[in-house]
Amino acid sequence: MKRVFSILCAALLLAGCATTPAVFTDFDPGVNFGEYRTYRWAEKPEGFSPLQQQRMIAAVDAKLRERGWTQSTTPQVDLVGRIVTETRYRMDSYNYGPMWGGWGWGGCCWGSGWGAWGGYNSTTMRSYTYGTFVIDMFDAQTRRPLWRGIAMGTVPDSPIDQTTAMQAGIDRMFAQFPPVAIAQAP
């Protein structure tokens with residue numbers, strides 16, 4: 001019983017990790033992000049559920065507010081959000097049943113090499129949605145690209161799990177925001 005419970009716990013942990021999006025950020029190291037404090041959504045992310053879009057925008061707004069940024073009609077930074085989803089397919093093959101065999105003479109049963117009888121194979125194909133959420137920041141006056149955040153991964157089926165995964169991606173995306181310029185060697 002303990003073994004079954006341990007296996008079940010391990011499977012649940014792995015399933016939870018599978019929905020955590022991969023997150024990447026990039027920025028212009030020559031930009032002093034301390035000079036920027038206002039922003040607007042030049043393009044809001046579209047291409048997914050309107051409710052999820054609303055939640056994404058609210059989550060990004062909250063992260064920027066935490067860092068002292070405010071929305072403005074005369075912003076210093078324009079935000080451009082994009083969502084891309086695609087249907088992907090996965091094939092899983094399993095071999096079930098007993099396999100008997102051993103050394104013999106010829107073919108599958110008699111000959112040099114291993115022989116086998118019995119068992120069967122099963123192949124299943126499943127589709128799933130893979131999503132990518134991108135936020136770009138541009139200087140509102142010069143259109144100079146400043147920062148980019150990308151979160152990508154399998155989109156859960158449940159709206160609650162979607163929101164949880166989206167929030168985890170945005171939290172990780174803004175964990176090191178605003179970035180500190182990296183000193184470059186001459």
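Start with the whole chain in cartoon view and follow it from the first residue: the elements come in the order α-β-β-α-β-β-β-β-α. That makes three helices and six strands. Keep in mind as you explore that this is a predicted model.

**The chain as a whole**

Stay with the full view for a moment. Of the 186 residues in the chain, 31% are buried. Now switch on the surface: its accessible area comes to about 12,300 Å², and carbon and sulfur atoms account for 58% of that. Contacts tell you about the fold too. Take those between residues at least 6 apart in sequence, and 73% of them join residues at least 24 apart.

**The aromatic cluster**

Next, select F27, F33, Y36, Y39, W69, W147, F174 and F177 and show their side chains. Ring pairs link these residues into a cluster. How many aromatic pairs are there in the count? There are eight. Zoom in on one of them, F33 and Y36, whose ring centres are 6.4 Å apart. Are these two rings stacked, edge-to-face or tilted? Their planes meet at 55 degrees, so the pair is tilted; edge-to-face would need planes over 60 degrees apart. Both F33 and Y36 are buried.

**A cis bond at the cluster's F177**

Keep F177 selected and add P178. The peptide bond joining F177 and P178 is cis, with omega at about -5 degrees. You will find P178 in the segment after α3 (159-173). To see why a bond like this earns a stop, remember that most peptide bonds are trans.

**R143 and its ring**

Now move to the loop between β5 and β6 (145-155), where R143 is found. Select F138 as well: R143 lies over the face of F138, 4.7 Å from the ring centre. Look at the backbone of R143 next, where phi is near 65 degrees, a positive value in a residue that is not glycine. Most residues other than glycine have a negative phi. Is R143 buried, partly exposed or exposed? With a relative accessible area of 44%, R143 is partly exposed, because that category runs between 20% and 50%.

**A second charge over a ring**

Select R88 and Y130 for another arrangement of this kind. The charged end of R88 sits over the ring of Y130, 3.7 Å from the ring's centre.

**Last stop: a nonpolar patch**

Finally, bring the surface back and colour Y89, M91 and M125. Together they make a nonpolar surface patch of about 390 Å². M125 belongs to strand β5 (residues 120-139), and M125 is exposed, with a relative accessible area of 54%.

Definitions and conventions: Residues numbered from 1 in each chain as written. Predicted model: local features only at pLDDT ≥ 70, side-chain atom pairs only at ≥ 80, totals over all residues. Heavy atoms only, no water. Patch = residues over 30% accessible without salt bridge, like charges linked within 9 Å, V, L, I, M, F, W, Y side chains within 5 Å. Areas by Shrake-Rupley, 256 points an atom, 1.4 Å probe, with all protein chains shown as cover. Salt bridge = Lys/Arg side-chain N within 4 Å of Asp/Glu carboxyl O. Helix = DSSP H or I, 4+ residues; strand = E, 2+ residues; numbered from the N terminus. Buried < 20%, exposed > 50% of the residue type's maximum accessible area, 1.4 Å probe, protein only. Phe/Tyr/Trp six-rings, centres within 6.5 Å; stacked < 30°, edge-to-face > 60°. Lys NZ or Arg CZ within 6 Å of the ring centre and 35° of its normal. Contact = heavy atoms within 4.5 Å.
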